[in-house]
Amino acid sequence: MGADKYRMQRRLGFLVLALLLTWLIGTFLIMPNLNLLKVTLFPNGAVDVKPLAQIFKSERVRKALVHSFILAVSLTVTVNALGIFEILVLEYFDIRGSKWLNIAYHSPLICNGMVLVTAYNFILGSQGFITARLMNLYPDFNPYWFRGFWAVLLEMTFAGTTNHIMFVRDSLKNVDYQTIEAARNMGVKSHRILSRIVLPTLKPSVFAASILTFITGMSAFATPQVLGGENFETLNPLVMSFSRTLTTRNYAAILAIFLGMVSITVLLISNYIESKGNYVSVSKVKTPLKRMKIQNPYVNGAVTVFAHVTALVQTLPLLFVALFSFMSIQDLYSGTIRISNFSLRNYMLVFRSSSGLRPILTSLVYAGFAAVIVVAMMLFIGRILTKYHNRLTACLEVVLQIPWFLPATLIALGLIMVFDRPSVLTFGATLTGSIYIMLIGYVINKTPYTLRMIKAAYMGLDHSLEEAAKNLGASALKTYVKILLPIIWPTILSVFLLNVIGLLAEYNMSVFLFHPMYQPLGVVLNAATKTDALPEAQMLTFVYSVLIMAISTVIIVFVYGKKNKALKHRL
């Protein structure tokens, strides 16, 4: 009798959870995107391709499309070249100053998003520090020299190596040193070992990083908006322009859908190519990779110099932003650094007023709540996906990956357009313009990454522990809380903290969904890059940037410090 009651309660619990998941996924993930398709392509219940034809007749749209494609292709080449070079310097070549290089190459994890774009703008932009210095030396110097395609490509190249540092680097570490030693003993030249043995093993991870980079280039938003200027407009800034008025909002939706279709097509093609590819495998029992000294002194010198120049370029934005936060607006505009004029005035303006603290608190609250919600949800869903293998769970996993290959602008527009009126699914509430819609957007944005990381943690569990607990009479809940959860807790904490970092200065989605009374840091930083921004507001952005970088640094050190300790413990 007790067993029947337990089974009934369990089935009822599963039914309630299934209904809740169906409501959440259907309402906030599927319906907004389907509604966007309906509004743009089926406005009167029948297919209407006139808006589609009209928008692509526009010269401005065609130019933006070409610019986005050129940027995506160029970025894929430059980021791969720089990223592969950096991981080779860190793990394969024996280069002097490796500790400093390791810190410098991780700087895009600390200074990224709107923080990095703002830094480049105030260093090299029309009102930038170096630009002011050059204009003092050369009065006829063009203040808009750092604008257009090359400016966007440079900033996004140095910001885009994070996938290589975080993921491709791990693939390089997994190369079996025995194969390299065997090749050297056979007299194979160093450059052939690199091109024929080492680099082929990186193909899968480099290919994945290339796809993510291409999609990033196609859907680039903040960087082209700030550094592109009038002559280099890409699709997402154009989506933003069209979305500001009701008469052109459907054009914004069409462009956003087009970006989504491009991303999906690229992913499908990449999956097909990847499934047909033959990659060099590594042995199951590996000898750890050892750094190799470049024998040619000229090549060694050139690689060392380029490695340190690259590191300097990646760390300069952090250093300049930190300096700017202590400077006066007069010194910034004149391009002079006077240590005697350094003060804490900008910091005092932030911490002594509620208006100064509001953007920080807003971003921290939204990022924190979103990270907690998405981790809690994915803990439950990840457990289901790893415990039950059937068509339903496979379908659920595919659906939850949707935000990964859809531009943030498409997701944001879908939410705005479907929740701009009361709905039964939202219990009569209008979410557009409310304080909740940006939180929903953040949760959607971080769902695929969080699910992937937590699912990997579940798959790494030793199932014999769960079986032993069950044999000892422990309930499923007690087994999970007392045994399984503590094992995956480091991963949970890492994912939570990295999600917070990713959302602190988020702009692409925030600019569409934020409440006017609660502007997040990404929107505030972007507003400060405008030529009509108040000087005081511009100086406060440096303080905000320093605070974001400080928080990110603490989190990165905590997360990767724990990982390194765990790795050393295993070894």
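## A walk through the helices, loops and salt bridges

Let's start with alanine 537, which sits in helix 27, the helix made of residues 535–570. Keep in mind that everything here comes from a predicted model. With a relative accessible area of 35%, alanine 537 is partly exposed. Follow the chain back to serine 355 and you find a residue that is 182 residues away in sequence, yet 11 Å from alanine 537 in space, C-alpha to C-alpha.

Stay in helix 27 and move along to valine 546. Valine 546 has a relative accessibility of 17%, so it counts as buried, the cut-off for that being under 20%. What does valine 546 touch, once neighbours within four places in sequence are set aside? The answer is Val321, Ala322, Ser325 and Tyr347. The C-alpha of leucine 323 fits into this picture too: it lies 9.6 Å from that of valine 546, although 223 residues separate the two along the chain.

Another valine to look at is valine 365, found in helix 19, which spans residues 354–387. At 44% relative accessibility, valine 365 counts as partly exposed. Its C-alpha is 9.6 Å from the C-alpha of valine 500, and the two valines are 135 residues apart along the chain.

Now for the charged pairs. Side chains of opposite charge can pair when their charged atoms come close. The structure holds six salt bridges, and three of them make good stops on this tour.

Take lysine 63 and glutamate 59 to begin with: their closest N and O atoms are 3.9 Å apart. The two are about one helical turn from each other, because they are four residues apart in helix 3. Lysine 63 itself is partly exposed, at 47% relative accessibility.

Helix 3 covers residues 59–91, and glutamate 91 is part of it. Glutamate 91 forms a salt bridge with arginine 169, with 2.7 Å between the closest N and O atoms. This pair links distant parts of the chain, since arginine 169 belongs to helix 9 (residues 162–173) while glutamate 91 is in helix 3, 78 residues apart. Are the two partners buried or exposed? Arginine 169 is buried, with a relative accessible area of 10%, and glutamate 91 is buried as well, at 13%. Looking past residues up to four places away in sequence, glutamate 91 touches Arg169, Leu172, Lys173, Leu289 and Arg291.

The third stop is the salt bridge between the side chains of glutamate 397 and lysine 455, at 2.7 Å from N to O. Glutamate 397 lies in helix 20 (residues 391–400) and lysine 455 in helix 22, so this bridge ties together parts that are 58 residues apart in sequence. Glutamate 397 is partly exposed, at 23% relative accessibility, whereas lysine 455 is buried, with a relative accessible area of 18%.

From helix 22, step back into the loop that precedes it. Threonine 426 lies there, between helix 21 (408–418) and helix 22 (437–459). With a relative accessible area of 7%, threonine 426 is buried. Its side chain has backbone oxygens to work with: that of alanine 429 is reached at 2.8 Å, and that of serine 423 lies 3.2 Å from a polar atom of the threonine side chain. Not counting residues up to four places away in sequence, threonine 426 also touches Thr27, Phe419 and Leu431.

Phenylalanine 427 is in that loop too, between helix 21 and helix 22. Here the accessibility goes the other way: phenylalanine 427 is exposed, with a relative accessible area of 71%. Its backbone deserves a look as well, with a positive phi of about 55° although the residue is not a glycine.

For a surface view, head to helix 1 (residues 2–41), where leucine 15 is found. Leucine 15 is partly exposed, at 49% relative accessibility. Together with Leu12, Val16 and Leu19, leucine 15 forms a nonpolar patch on the surface, and the four share about 400 Å² of accessible area.

Finally, a word on confidence. The chain averages a pLDDT of 82, and 91% of the residues score at least 70. Residues 279–285 stay under 50, and for this stretch the model has 12 contacts beyond four places in sequence. Over residues 567–571 the pLDDT is also below 50, but there the model shows zero contacts beyond near neighbours in sequence.

Conventions. Residues numbered from 1 in each chain as written. Predicted model: local features only at pLDDT ≥ 70, side-chain atom pairs only at ≥ 80, totals over all residues. Heavy atoms only, no water. Buried < 20%, exposed > 50% of the residue type's maximum accessible area, 1.4 Å probe, protein only. Polar contact = N/O pair within 3.5 Å; in protein donor to acceptor, adjacent residues only side chain to side chain. Contact = heavy atoms within 4.5 Å. Patch = residues over 30% accessible without salt bridge, like charges linked within 9 Å, V, L, I, M, F, W, Y side chains within 5 Å. Areas by Shrake-Rupley, 256 points an atom, 1.4 Å probe, with all protein chains shown as cover. pLDDT = per-residue confidence, 0-100.
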